[in-house]
Amino acid sequence: MKFVIVFVALFAFALAAPADVQVLRSESDVQPDGYKFSLETSDGTLKEEQGSLKNVGTEEEAIVVRGSFSWVADDGQKYTVNYVADENGFQPEAAHLPVAPVV
């Protein structure tokens, strides 16, 4: 069932993307202990990410991912989200995102 939901979401995203968007830059480097990539398109979208293993060979081995993505919204403003994803989950930060209250 999860596969169907993911497939439908990706299909909808592909249909919504403008057909005239061109890839301006695409770079990637994949190594046994990490990776990095970047992608920039003509509509102002930019995606950069790098991941690396930490605590290699231990029971606490995990991948840490850091990255950002930007896009130009319909209002003409550029939005950027910076994030970390690790053993603590996905942690986005952006000026336009609400911040949870401190408890």
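Let me start with S38: its side chain makes a polar contact with the side chain of R25, at 2.7 Å. Keep in mind that this is a predicted model.

Where is S38? The residue lies in strand 2, which covers residues 34-41. Is S38 buried or exposed? S38 counts as buried because its relative accessible area is 7%, and the cut-off for buried is under 20%. As for its surroundings, leaving out residues up to four places away in sequence, S38 touches R25, S26, E27, K47 and E48. So much for that residue.

Now the chain as a whole. It has one helix and six strands. Reading from the N terminus, the order is α-β-β-β-β-β-β, with the helix ahead of the strands.

A few totals. The chain has 103 residues, and 17% of them count as buried. S38 is one of the buried residues. The chain exposes about 8200 Å², and carbon and sulfur atoms supply 60% of that area. Next, contacts: take those in the chain with a separation of 6 or more, and 12% of them are between residues 24 or more positions apart.

On to the later strands. Strand 4 and strand 5 run antiparallel, and eight bridges join them. Strand 5 covers residues 78-86. One pair to look at is F69, whose bridge partner in strand 5 is V81. The two strands form a hairpin with five residues between them. In that hairpin, G76 takes a positive phi near 85 degrees.

Strand 5 also pairs with strand 6, residues 89-93. These two run antiparallel as well, joined by five bridges. Here A85 has F90 as its bridge partner in strand 6. How many residues does the hairpin from strand 5 to strand 6 pass through? The answer is two.

Last, a loop residue. N55 sits in the loop between strand 3, residues 46-54, and strand 4, residues 62-72. N55 has a positive phi of about 55 degrees, although it is not a glycine. Is N55 buried, exposed or partly exposed? Its relative accessibility is 40%, so N55 counts as partly exposed; that class lies between the 20% and 50% cut-offs.

To recap, there are three places to look at in the model. One is S38 with its polar contact to R25. Another is strand 5, bridged to strand 4 and to strand 6. The third is N55, with its positive phi.

How values were computed:
Residues are numbered from 1 along each chain as its sequence is written. This is a predicted model: local features need pLDDT of at least 70, side-chain atom pairs count only at pLDDT 80 or more; totals for chains, interfaces and linings use all residues. Side-chain values use heavy atoms; hydrogens and water are left out. Helices (H or I, at least four residues) and strands (E, at least two) are DSSP runs, numbered from the N terminus. Buried means under 20% relative accessible area, exposed over 50%, partly exposed in between (1.4 Å probe, protein chains only). Contact means heavy atoms within 4.5 Å. Accessible areas come from the Shrake-Rupley method with a 1.4 Å probe; for residues, only the protein chains shown count as cover. Two strands pair if DSSP finds at least two bridges between them. A polar contact is a pair of N or O atoms within 3.5 Å; within protein, one must be able to donate a hydrogen and the other to accept it, and residues adjacent in sequence count only if both atoms are side-chain atoms.
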